[in-house]
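Work through the exercises below with the model open. Each task is followed by its solution.

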Amino acid sequence: FRYHIKSQHAIYANVNFLVHNDKITSLFDGNKYYGGILGYSYNTIIGPLNLELGYSSLSKSVYPFVSFGYYF
């Protein structure tokens with residue numbers, strides 16, 4: 001989900017779900033992991049500034065993330 005508040009401002013959310021098992025025939029009996037991110041993005045002249053707050057069931061904690069610029 002991504003919503004542009006104005007031309008240079010956006011908020012977004014991302015939800016992830018993963019199932020892991022060594023045998024494909026019993027995939028959904030494996031370990032289940034989930035996580036998500038809430039973020040804000042501002043487009044500057046030299047690239048986007050992203051501020052994110054995420055959660056992962058693997059680490060069982062909330063974590064902040066800041067990035068600036070483009071990914072190459």
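Strands (E, at least two residues) and helices (H or I, at least four residues) are DSSP runs, numbered from the N terminus. Two strands pair if DSSP finds at least two bridges between them. This is a predicted model: local features need pLDDT of at least 70, side-chain atom pairs count only at pLDDT 80 or more, and totals for chains, interfaces and linings use all residues. Residues are numbered from 1 along each chain as its sequence is written, and side-chain values use heavy atoms, without hydrogens and water.

**Exercise 1.** Describe the hairpin formed by strand 3 and strand 4.

Solution. Two residues lie between the two strands. Strand 4 covers residues 47-56 and runs antiparallel to strand 3, with 10 bridges joining them. Within this pairing, Gly 35 stands opposite Ser 56 of strand 4.

**Exercise 2.** Which residue of strand 3 is the bridge partner of Phe 17?

Solution. Start with the strands. Strand 2 (residues 9-20) pairs with strand 3 (residues 31-44) in the antiparallel sense, over 12 bridges. The partner of Phe 17 is Tyr 34.

**Exercise 3.** Give the strand and helix counts, then explain the spread of the chain.

Solution. Count five strands and zero helices. In sequence order the pattern is β-β-β-β-β. The radius of gyration is 16 Å, well over the 11 Å that the globule rule gives for 72 residues, so the chain is more spread out than a compact globule. Here the radius is taken over C-alpha atoms, and the rule is 2.2 Å times the number of residues to the power 0.38. Along the principal axes, the C-alpha atoms fill a box of roughly 50 × 25 × 25 Å.
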